[in-house]
Amino acid sequence: MNEKLQSIKEQALAQIQAADVPEKLNEVRVKFLGKKGELTAVLKSMKDVAPEIRPKVGQMVNEAREELEAALAETKAIMEKAIREAKLKEEVIDVTLPSKKNMVGHRHPNTIALEEVERIFIGMGYEVVEGPEVEYDEYNFEKLNIPADHPAKDEQDTFYINKDIVLRTQTSPVQARVMEQGQLPIRMIAPGRVFRSDEVDATHSPSFHQIEGLVIDKNISFADLKGTLEVFAKELFGPETKTKFRPHHFPFTEPSAEVDVSCFKCGGKGCRFCKGSGWIEILGCGMVHPHVLEMCGIDPEEYCGFAFGVGLERIALLKYEIDDMRLLYENDIRFLKQF
Ligand code: DAH
């Protein structure tokens, strides 16, 4: 019996030593210590052993079992440690390697310019509102004092969806929409996309952006308009910037003006940038026409106000000295990255 046990043990130990992966160790465990294992079989055959040596044999079997279990556990621990180390070696992270850069694109010059304009007006207490790009003819024209036969309708080369619906040609209809809500006073800007049936060239596009401004309150004067736009121009183009108001005509304002700023490139002396004049036109504005106020449900005897409209692309082109509007729509990252 002793020899048999000894031989089982030696075989088992030899196989444990030969095992190279944990699965093999498990096979050895099943083969010798499992329910049908060789050592277990010895225990089961105890009934054939003479009763007086049974305790001795039982003890020997248990000792052999303990020895094998210890050898299994020890070998398994060594194996697992080796595996862990190999894995760590394989997955080592070199923190000195340069990281992979994510390409996240770049903010568009229009976006940068719009955020700047919004910052300036929000700083003066204005709200930023939006209106629909597909608009009723009534809001785009009629409520802005541009009746059906008005020549301004031609000038704006409108895209018609049908007789009553257009792609808005200006952001001014947002004025009418906000005034109609009747929450006074109003101090808002309305940026957005507008559409005109224009051919694409260096200064035209059938789709571009405007920012509308509107203030309605009691006792608003042309001086408020001038002061506001002067602050705006200085903030946008620098503290030395001068503004000039030239009389103009817009159907929805009376009086109306166009505003020029002194050329921020030459300071007003005249250069290629301002075409020698020293001035650059940037926007249209005026006092809201009493007729417009009335049509939008506001009493012109009690309230008055001013409005202005500025082209966003125009600001972006001027501010970043871009000489062709088409560059703004091509979205070439090599161009966009420069701003
Ligand atoms: N909507 C005008 C345009 O597209 C710009 C404009 C001029 C807006 C005068 C105004 C304004 O609010 O008062 O040409």
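Biologist: What makes β6 and β7 a pair, and in which sense do they run?
Modeller: They share seven bridges, in the antiparallel sense. A pair needs at least two bridges, so β6 and β7 qualify. One of the matches sets K244 against D260 in β7. Keep in mind that this is a predicted model.

Biologist: Why are β6 and β7 called a hairpin?
Modeller: Two residues lie between them, and the strands pair antiparallel.

Biologist: How do you know that β1 and β4 pair?
Modeller: Two bridges join them. The cut-off is at least two, so β1 and β4 just reach it. These strands run parallel. V128 stands opposite I189 in β4.

Biologist: What makes β1 a strand, given that it covers 127–128?
Modeller: A strand needs a run of at least two residues, so 127–128 is enough.

Biologist: Why is the pairing in the sheet called mixed?
Modeller: The sheet has both senses. β1 and β4 are parallel, whereas β6 and β7 are antiparallel. Seven strands take part, in the order β1-β4-β5-β9-β8-β7-β6.

Biologist: Which are the edge strands, and what makes them so?
Modeller: They are β1 and β6 (243–250), as each pairs on one side only. The sheet is open, with these strands at its ends.

Biologist: Which helices pack on the sheet?
Modeller: Helix α5 (109–123) touches β1, β4, β5 and β9. Its direction makes about 165 degrees with that of β4. Angles run from 0 to 180 degrees between N-to-C directions, so α5 and β4 point roughly opposite ways. Helix α9 (222–237) lies across β6, β7, β8 and β9, at about 150 degrees to β8.

Biologist: Which elements supply the lining of the second largest pocket?
Modeller: α5, β4, β5 and α12 each give at least two residues. The pocket has a volume of about 190 Å³. Of its 14 lining residues, H108, N110, T111, R193 and H209 are the closest to the centre.

Biologist: How many residues of that lining are charged?
Modeller: One, alongside six nonpolar and seven polar. Arg counts as charged, so R193 is that residue. His is not in the charged class, so H108 and H209 count as polar.

Biologist: How do you know that the protein chain is not a compact globule?
Modeller: Set the values side by side. A compact globule of 339 residues would have a radius of gyration near 20 Å, but the chain has 43 Å. The box filled by its C-alpha atoms is roughly 125 × 45 × 40 Å. The chain is extended along one axis. It holds 13 helices and nine strands.

Key: Residues are numbered from 1 along each chain as its sequence is written. This is a predicted model: local features need pLDDT of at least 70, side-chain atom pairs count only at pLDDT 80 or more; totals for chains, interfaces and linings use all residues. Side-chain values use heavy atoms; hydrogens and water are left out. Helices (H or I, at least four residues) and strands (E, at least two) are DSSP runs, numbered from the N terminus. Contact means heavy atoms within 4.5 Å. On a 1 Å grid over the protein atoms alone, a cavity is a set of points where a 1.4 Å probe fits but cannot get out, and a pocket is an open set with protein on both sides within 12 Å along at least five of seven lines; lining residues have an atom within 4 Å of a point. Grid points are joined across faces, edges and corners, and a volume is the space filled by probe spheres set on the points. The radius of gyration is taken over C-alpha atoms; the globule rule is 2.2 Å times the number of residues to the power 0.38.
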